[in-house]
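Please load the model in a viewer with residue selection enabled. The tour below proceeds by selection, and each stop states what is found there.

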Amino acid sequence: MTDTGTGHFEQDTKRLSLSRRSFVGGLAVVAALAFIGMPIEPAQAQQSVVAQKIANHFASVKTMSGEFVQFGPRGEQTGGKFFISRPGKIRFNYDAPSPMRVISDGRTVVIGNQKMKTWDVYPLSKTPLKLLLSDEIDLSGKMVRDVKEEPDLITIVLGDRTIFGDATITLMFDPKTYDLRQWTITDAQKKDTSVMIFNVKNGVPMDDKVFQIPKQ
């Protein structure tokens with residue numbers, strides 16, 4: 001997931017690191033498909049076809065690595081590197097001075113603060129990662145709130161009150177390649193966290209040690 005001042009940066013990082021907003025905002029592609037169980041209205045049926053094509057493209061990529069930059073609701077900025085291996089594995093390393101780490105080993109998701117030596121633990125099956133990191137991503141019967149197709153951008157808005165309350169996720173894709181460019185998470189308080197990814201490499205070999213959860 002340009003320093004504007006180290007003291008301010010560290011204060012913002014600590015405040016965000018153990019919050020739900022940090023979990024949603026920091027997990028770059030994790031939040032991208034975080035929705036479960038709400039039916040699509042008939043008017044959205046054609047829109048879901050576009051969304052499913054994009055999901056199929058994303059699911060076809062079995063390994064992925066790259067860099068990300070995250071912009072928080074107060075203007076705070078941080079970045080780092082991410083790694084994905086299907087099924088079920090992901091890792092986000094935030095750049096120093098942020099102590100954040102997010103890791104899934106295929107069964108368990110942990111959100112760690114290395115400086116404070118704390119780790120929040122979640123079953124993979126109970127998080128949006130389960131959908132994101134599956135070998136297949138089926139959007140039928142799921143909630144797609146809006147799809148906009150423009151010459152230079154495809155935008156998909158997703159939401160599910162059962163997971164995020166009134167939060168929504170706006171995803172932006174390249175219309176030619178269907179590659180994910182950026183997304184914005186708007187929380188229940190209407191505050192935005194945006195993430196951009198770049199220097200993305202697909203199909204790269206990865207060692208399982210990358211996704212090994214540290215002993216606690």
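## First stop: the hairpin of S5 and S6

Select strand S5 (residues 108-113) together with strand S6 (residues 118-123): the two pair in the antiparallel sense over six bridges. The structure in view is a predicted model. To examine one position in this pairing, pick Thr-108, whose bridge partner in S6 is Pro-123. Then move to the turn. The strands S5 and S6 form a hairpin with four residues between them, and Lys-117 there takes a positive phi near 60°.

## The whole chain

Now zoom out to the full protein. It contains five helices and eleven strands. Of its 216 residues, 50% count as buried. The exposed surface of the protein is about 10,800 Å², of which carbon and sulfur atoms supply 52%.

## Strand S11 and its partners

Select strand S11 (residues 192-202) and display S1 beside it. S1 and S11 pair in the antiparallel sense, over seven bridges. Within this pairing, Gln-70 stands opposite Val-195 of S11.

Next add strand S10 (residues 180-186), which also pairs with S11 in the antiparallel sense, over five bridges. Here the residue to pick is Gln-182, which stands opposite Met-196 in S11. S10 and S11 form a hairpin with five residues between them. In its turn, Lys-190 has a positive phi of about 65°.

## The largest nonpolar core

Which residues touch the most other members of the largest nonpolar core? Select Phe-68, Phe-82, Ile-156, Leu-171, Phe-173, Trp-183 and Ile-197: of the 29 residues in this core, these have the most contacts with other members. The element that gives the most to the core is H3, with four residues. As general background, nonpolar side chains in soluble globular proteins tend to be buried together.

While H3 is displayed, select Ala-55, which lies in this helix. Is Ala-55 buried or exposed? Its relative accessibility is 3%, so Ala-55 counts as buried, the limit being under 20%. Add Tyr-178 to the selection and check the C-alpha to C-alpha distance: Ala-55 and Tyr-178 are 8.9 Å apart in space, although 123 residues apart in sequence.

## Aromatic rings

Show the aromatic side chains next. The count of aromatic pairs comes to three. One of them joins Phe-82 and Phe-92, and this pair is stacked, with 5.7 Å from centre to centre and 20° between the planes. The pair links distant parts of the chain, since Phe-82 belongs to strand S2 (residues 77-85) and Phe-92 to strand S3 (residues 89-94), ten residues apart. Both Phe-82 and Phe-92 are buried. Extend the selection to Phe-68 and Tyr-94, which form one aromatic cluster with Phe-82 and Phe-92. Phe-68 and Phe-82 were also selected at the previous stop, as residues that touch the most other members of the core.

## Salt bridges

Finally, turn to the charged side chains. A search of the whole structure finds four salt bridges, and the tour visits some of these.

Begin with Lys-62 and Asp-135, whose side chains meet in a salt bridge at 3.6 Å, N to O. This pair links distant parts of the chain, 73 residues apart: Lys-62 is in the loop between helix H3 (45-60) and strand S1 (63-71), and Asp-135 is in the loop between helix H4 (129-132) and strand S7 (144-150). Lys-62 counts as partly exposed, at 38% relative accessibility. Asp-135 is partly exposed as well, with a relative accessible area of 40%.

Continue to Asp-105 and Arg-107, a salt bridge in which the closest N and O atoms are 3.7 Å apart. How does each partner classify by accessibility? Asp-105 counts as buried, at 18% relative accessibility, whereas Arg-107 is exposed, with a relative accessible area of 62%.

The last selection is Arg-181 with Asp-174, a salt bridge whose closest N and O atoms are 3.1 Å apart. Arg-181 is partly exposed, with a relative accessible area of 35%. Asp-174, at 18% relative accessibility, counts as buried.

Terms used
Residues numbered from 1 in each chain as written. Predicted model: local features only at pLDDT ≥ 70, side-chain atom pairs only at ≥ 80, totals over all residues. Heavy atoms only, no water. Buried < 20%, exposed > 50% of the residue type's maximum accessible area, 1.4 Å probe, protein only. Areas by Shrake-Rupley, 256 points an atom, 1.4 Å probe, with all protein chains shown as cover. Core = buried A, V, L, I, M, F, W, Y, C linked by side-chain atoms within 4.5 Å. Pairing = 2+ DSSP bridges. Phe/Tyr/Trp six-rings, centres within 6.5 Å; stacked < 30°, edge-to-face > 60°.
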